[in-house]
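Hi,

Here is the structure I promised to pass on. Have a look at it first, and then read my notes below.

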Amino acid sequence: MIKLQGVNKYFFRGEPREVHALRDIILTIEEGEFTLFSGASGCGKTTLLNVIGALDSCESGKIYLDEKEISSLDEDARTTLRLNELGFVFQAYNLIPVLSVEENIGFIMRLRGFSDEEIRRRVLEVATLLKIEDKLKSLPNTLSGGQQQRVAVARAVAAKPKIILADEPTANLDSNNSQILMSMMRELNEKEGVSILFASHDELILKSVRRVITLNDGAIIDDYKQ
Amino acid sequence: MFKLALKNTLFYKGRSITTAVLTFVSTILFILFISLQDGSHNAMLENSLKIYTGAIEIYHRDYRDVGGNEYLIQDAKAITDKLAKIDAVEAFSTRYETYGLFSSKEYSAASMLAGVEPSKESVLSSLGTALKEGKFLDENAGNCIYMGAELVKKLKLGIGDEVAFVGSASDDSFAADIFKLCGVFKTGLFEFDSSASFVSRSYFDELMNGYNKASYITIKLKNIDDADIVNSQIIKVLDDENLESLTWKTLMKSMVEMMEIDSIFGYISLSLFLVVIFFVIMIYGFINISSRIKEFGVLRSIGLSKKNILLLLFYEIFILSTISVILATPIAAYICYYYNINPVVIKGIAEMYKDYGVVSDEIPFNFDMFTIFWNVAVVYILNFLSILYPYLYINSFKPIEATRHV
């Protein structure tokens, strides 16, 4: 489903402070995986997630999504790809403050042109799955951190993307909320068949995922299933 | 997208109120300024056209540049017969102007003497209504002369007094007569009031041997805005190389130029005002958008295209502009309408600008819905332009950089 061939990424290229953020990454991620990119801070896990998620580009190597080469796409094509194929969960939730929970969850579906009825039905479905169906009319800032992150997950999953990329989704949550979130995301992965890739060093996530890819200094040093 | 824009305008109250208030103020001031400028120009033009100059005048080609009896229109009737067949022409009259020396008992002054058709002038010009003392001319006025107030003052004349005239007739012979002052006019145009006098055409023709001759033929149109079109029609109908037909734009060139210069300076000062408003709106928008970089980064990350971001900003400014314009336009239109009917009075302005055709201290505003609509369109365009720089600034960030922006 996702294939990376010799991907390299640099920051501050050509400057004295150059950082080789990703080194010759060769990786295959199959459909429906529940995988973690793990490692110490600065090891390149978030960069790898961003490169896979078409949020960032790489200097060399190729990235394929369903056999389609996506690493050479221009910004507009990458935007379209993100809209249609990918879902994102950010550390700081990043919900749209002026929209209600219902509107936030249905936002991407609306952009993709789903009908009102489809949006209403799907929003209720994922909200029920994530146990926020009673918060649909609320504004994000009236919810707890855990609830907001569940709304963010609901937004990411609602339009049925192929992959969800979650960057430190539990970093702002307490252990209880983190546990709830992870069990819900695992349920989503199993029920919806959506691939979920995490970048985190949270032990809880490490224990929840089925595959762990460990990075160090921009290179993959370990890759195992559990 | 529109719903999101609407909610954003309600959420970011500070920016919304500032933008709306600035747009409201600029819309009102813009409409009033243009209305006042157009109104004063229209008044100047109307006054000048009403007083004496026609909407269109027909001359011998060399009369205005060279002058003299040989360049008089020799067969005025042939021309007026043709004019009578043009629908857009409301009225016309032949005028014969000459220059000579007027002398009272003690004083002398050089001045214009014109033979006019009194009944036609009542329709064509405001000579009759500019009467200050005595009476206006009629067809049987004989040697009655109708003289400008400043000239009367110069010659120290009173109604009923006699004034001698010496000039030359149409055949270059010596022409002299004694007129009786029957009426004094005051148009407010100083130059005109101090150098013009009129007698009835029938008496004038006898004195000057001016039968069927004319210095020019003056024409009033049913609609002054059709001057250029009708003028082309007249030129075609006359089909005479020795004649020229000129509209008021040429006849009152200095006034038109003055109005154009006045408009240019007006537009420059207005532009400066609008530029200031534009930058204030843009800076407020920019500050607001700068504080929303992260929000736009998230939107871009989850799949909003640059076009969608522009559309979002466009809707936001459109909503604010529309609210302001809806509130401001009726107020401004009402003020224009009110001062169109009840002109603003500025004491002394007529005296100050008498050389430019201002004959009254009243300055009416122009009330024209088309002008108001284009003014509103300018405000919209400026507001739309004000989002371009903030938009470019947002797009200078990569989506992922923007999501981390603090």
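**The hairpin and its sheet**

Asp217(A) adopts a positive phi near 55 degrees in the hairpin of S9(A) and S10(A), where two residues lie between the strands. Strands (E, at least two residues) and helices (H or I, at least four) are DSSP runs, numbered from the N terminus.

Before going on, please note that this is a predicted model, in which local features need pLDDT of at least 70, side-chain atom pairs count only at pLDDT 80 or more, and totals for chains, interfaces and linings use all residues. Residues are numbered from 1 along each chain as its sequence is written, chains are lettered from A and ligands numbered from 1 in the order in which they are written, and side-chain values use heavy atoms, leaving out hydrogens and water.

Back to the hairpin: S9 (residues 211-216) and S10 of chain A run antiparallel, joined by six bridges; two strands pair if DSSP finds at least two bridges between them. Leu215(A) sits opposite Ile220(A) of S10(A), while Arg211(A) has Lys225(A) as its bridge partner there.

Both strands belong to an open sheet of six, with mixed pairing and the order S6-S7-S8-S3-S9-S10 in chain A. S6 (86-89) and S10 (219-225) of chain A are at the edges with a single partner strand each, so one side of each has no neighbour in the sheet.

Happy reading!
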